[in-house]
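Hi everyone, thanks for making time for this one. Let me put the sequence and the structure up on the screen, and then we can walk through it together.

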Amino acid sequence: MNDDKILTCRECGTRFIWTAFQQRSATGKPDYCPGCIQLLPGSGRQRGTIKFFNARRGWGFIIGTGGGQVFFHRSGLQEGNKPGEGDLVEFAVEATSRGPQATGIISL
């Protein structure tokens with residue numbers, strides 16, 4: 001008997017098959033299809049695009065996927081990353097005395 005289940009992705013609404021083998025090896029039912037799992041940011045991280053970056057002064061702004069804007073300083077860039085305007089990035093947000101600031105920024 002086939003124990004596969006058809007689930008619906010919470011992110012994109014795509015229906016996908018959750019096989020009996022996956023069910024036996026999983027700790028819980030997945031909320032996202034395999035494609036969205038690859039596209040979602042890691043735990044505690046967000047994704048967005050570079051709105052502005054002044055390389056000479058070393059600061060800029062990221063527009064998050066929710067539309068909010070976050071300040072970043074070059075010290076928040078992962079080594080070797082030099083983002084340009086419009087680049088897709090993944091980052092964490094840290095509370096500072098001047099407000100939220102993006103850290104651990106990596107280009108995707």
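Let's start at Phe72, whose bridge partner in S7 is Ala102. Strand S7 covers residues 99-107, and S5 runs parallel to it, with two bridges between them. Turn to the other neighbour, and Phe72 is again a bridge partner, this time of Gly60. There the sense is antiparallel: S4 and S5 pair over five bridges. Those two strands make a hairpin with four residues between them, and if you look in the turn you'll find Gly67 with a positive phi of about 100 degrees.

Before going further, please keep in mind that this is a predicted model. The mean pLDDT of the protein chain is 88, with 99% of its residues at 70 or more. Our strand does nicely here: S5 has the highest mean pLDDT among the elements, 96, while helix H1, residues 20-25, has the lowest, 76. As a general reminder, coordinates should not be read in detail where pLDDT is low.

Now for the side chains of S5. Which of them are buried? Val70 and Phe72 are, and they point to one face. Gln69, Phe71 and His73 point to the other face and are not buried. Phe72 has a relative accessibility of 0%, so it counts as buried. Phe71 comes out at 28%, which means it is partly exposed.

That alternation is a handy way into the aromatics. How many aromatic pairs does the structure hold? Five. One of them is Phe53 with Phe72: the ring centres are 5.3 Å apart and the planes sit at 20 degrees, and because the cut-off for stacking is under 30 degrees, this pair is stacked. The two partners are 19 residues apart in the chain, with Phe53 in strand S3, residues 46-54, and Phe72 in S5, residues 69-73. Phe53 is buried as well, because its 17% relative accessibility falls under the 20% limit.

On to Phe71, which pairs with Phe61 in an edge-to-face arrangement, 5.8 Å from centre to centre and with 70 degrees between the planes. This pair also links distant parts of the chain, since Phe61 belongs to strand S4, residues 59-64, and Phe71 to S5, 10 residues apart. Phe61 has a relative accessible area of 25%, so it is partly exposed.

And one last thing to look for as you rotate the model: ring pairs join Phe71 and Phe61 with Phe52 and Trp59 in a cluster.

Methods
Residues are numbered from 1 along each chain as its sequence is written. This is a predicted model: local features need pLDDT of at least 70, side-chain atom pairs count only at pLDDT 80 or more; totals for chains, interfaces and linings use all residues. Side-chain values use heavy atoms; hydrogens and water are left out. Rings of Phe, Tyr and Trp (its six-membered ring) pair if their centres lie within 6.5 Å; planes under 30 degrees apart count as stacked, over 60 as edge-to-face and the rest as tilted. Buried means under 20% relative accessible area, exposed over 50%, partly exposed in between (1.4 Å probe, protein chains only). pLDDT is the predictor's confidence in each residue, from 0 to 100. Two strands pair if DSSP finds at least two bridges between them.
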